[in-house]
Amino acid sequence: MSTEDAKYPESPLDRFHAVIPAGGVGTRLWPLSRAAAPKFLHDLTGSGSTLLRATYDRLQPLAGDRVLVVTGEAHRAAVCRQLPEVGDDELVLESEPKDSGAAIGLAAAILHRRDPETIMGSFAADQVISPDDLFQEAVREAIYTAAKGKIVTIGIKPTHPSTGFGYIRSGAALNVEGAPNAMAVAEFVEKPSQEVANKYVEAGDYVWNAGMFVAPVALMLKHLEANQPVLFAGLQEIAEAWDTPQRDEVKARVWPTLPKIAIDYAVAEPAAEAGDVAVVPGTFRWDDVGDFAAIGRLNNAGDVDEVTVLGEGARVFAENASGVVVSDTKRVIALIGIKDVVIVDTPDALLVTTKEHAQLVKGTVDALKASGDTDVL
């Protein structure tokens, strides 16, 4: 190594490896989003890119080809079509969903086996973010902070007192070089009541928990082992076999036995109590596209009157109407004198509701499942 190399050691950015958990059906977006075609495989913003493709493209300038995708075996073909750059070594397939603790934990264990100095960043495939440069700026700060031995969450500055998200209360500034906005995490708090949410926003030191984590893989695994030893042991066994011919046999045997737990409970919250978690506030626009009302907020393209229209070749006529129409058929849909309606038309299922009741779609999915009508799920 030259004296110049020694003087300027490798940047933490060179240790960064992005992880994209692509799971979850998105039941509030039924019948568009289903088990066989979950929401991350759809273009829900009219941009021409699916949520998964947009997530990859947003991370690529930071990670290059160091992007690991965790998804279900049933989605392998669709994911590979949308992300032809992702090779077999960077594709982790789940035989059944086991929540984010197992998904992100396995990614951390695999990356640690390959290089224990890796800093991983986990970013869900089903979020809408803009502009990319502000997102990338926040991730860079998170990487520099992680390099100092922290699990870093990127929190979203609230635009309103939402009761639909968990919150993170920030503490003292950390004064990390390259990360001027990094702060200690004082606590994670669950989804609040409206009254409490109002107080959080007024206080100014709370951000939304968007489930974005950047951390040294060794630190992630240290906390996972301390708090979820059974899950840790199973993931380690799979990771040890991952880059060997025994991968499929070991995964098929161990994965079904793993406990289900979210990464927040398995790692982030206990690590915060130990003083190992930091937060970088994100000023970019963020939406988790939780229901069809969100699609109305995010889309302007293809509007007819005051109706947001999604769907290639959608045939919509509107007069004195407003709302959202998502069409996967060639059927003509006429809206007359109806406000804030949500219509989702697919070949085998039709949803009609309002923006106000869009969150209740999940209940319909649960009822269909209970009645055995799983052919449309």
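The lining of the second largest pocket splits into 5 nonpolar, 6 polar and 3 charged residues. That pocket, in what is a predicted model, has a volume of about 240 Å³. Below is a quick tour of the pocket, the one cavity, the cores, two helices and a handful of backbone oddities.

**The second largest pocket**
- There are 14 lining residues here, and T45, S47, V128, I129 and S130 are the ones that lie nearest the centre.
- Three elements each give two or more residues to this lining: α2 (51-63), β5 (128-130) and β11 (285-287).

**The cavity**
- Rolling a probe the size of a water molecule over the atoms shows where empty space is left.
- For this model, the count comes to 1 cavity of 30 Å³ or more.
- The largest cavity has a volume of about 30 Å³.
- Around the largest cavity sit T55, R58, F123, A124, Q127, I129, F135 and M212.
- By type, the cavity lining is 5 nonpolar, 2 polar and 1 charged.
- I129 turns up in the cavity lining, and I129 is also one of the residues that lie nearest the centre of the second largest pocket.

**Nonpolar cores**
- The largest nonpolar core has 49 residues, and the members that touch the most others are L52, V69, F123, M212, F284 and W286.
- Helix α5 (residues 132-146) supplies the largest share of this core, with 6 residues.
- A second, separate core holds 46 residues, including M120, F188, A239 and A266.
- Which residues does L52 touch, leaving aside those up to four places away in sequence? The list is I20, A22, F40, L41, V79, Q82, L83 and A125.
- F123 and M212 are among the best-connected members of the largest core, touching the most other members along with L52 and others, and F123 and M212 also line the largest cavity.

**Helix α2**
- How does the span of α2 compare with 1.5 Å a residue? Its 13 residues should cover 18 Å on that basis, and the end C-alpha atoms are 18 Å apart, so the two agree.
- The buried residues of α2 are L51, L52, R53, T55, Y56, R58, L59, L62 and A63.
- T55 and R58, both buried in α2, are part of the cavity lining.
- The buried residues of α2 pack against β1, β2 (67-72), α3, β5 and α5.
- Just after α2 comes G64, with a positive phi of about 65°.

**Helix α4**
- Helix α4 runs over residues 99-114, and its 16 residues should span 22 Å at 1.5 Å a residue; the end C-alpha atoms are 24 Å apart, which agrees.
- Buried residues in α4 are G101, A102, A103, I104, G105, L106, A107, A108, A109, I110 and L111.

**Backbone oddities**
- Most residues other than glycine have a negative phi, and most peptide bonds are trans.
- W30 and P31 are joined by a cis peptide bond, with omega about 5°.
- P31 sits in the loop between β1 (16-22) and α2.
- A cis peptide bond also runs from S130 to P131, with omega near -10°.
- P131 belongs to the loop between β5 and α5, while S130 is among the residues that lie nearest the centre of the second largest pocket.
- N320 has a positive phi, near 55°, and is not a glycine. You'll find N320 in the loop between β13 (315-319) and β14 (322-327).
- N320 counts as partly exposed because its relative accessible area is 49%, short of the over 50% needed for exposed.
- D340 is another non-glycine residue with phi near 55°, and D340 lies in the loop between β15 (332-336) and β16 (341-345).
- D340 is partly exposed, at 39% relative accessibility.

**Two more residues to look at**
- Is T353, in strand β17 (residues 350-354), buried or exposed? T353 has a relative accessible area of 16%, under the 20% cut-off, so T353 is buried.
- T353 touches D340, V341, V342, A358 and V361, not counting residues up to four places away in sequence.
- C80 lies in helix α3 (residues 76-82) and is partly exposed, at 28% relative accessibility.
- C80 and V230 are 150 residues apart in sequence, and their C-alpha atoms are 32 Å apart in space.

Conventions:
Residues numbered from 1 in each chain as written. Predicted model: local features only at pLDDT ≥ 70, side-chain atom pairs only at ≥ 80, totals over all residues. Heavy atoms only, no water. Core = buried A, V, L, I, M, F, W, Y, C linked by side-chain atoms within 4.5 Å. Buried < 20%, exposed > 50% of the residue type's maximum accessible area, 1.4 Å probe, protein only. Helix = DSSP H or I, 4+ residues; strand = E, 2+ residues; numbered from the N terminus. Contact = heavy atoms within 4.5 Å. Expected span 1.5 Å × (residues − 1). 1 Å grid on protein atoms, 1.4 Å probe; cavity = no way out; pocket = protein on both sides within 12 Å on 5 of 7 lines; lining within 4 Å. Points joined across faces, edges and corners; volume = space filled by probe spheres on them. Nonpolar A, V, L, I, M, F, W, Y, C, P; charged D, E, K, R; others polar.
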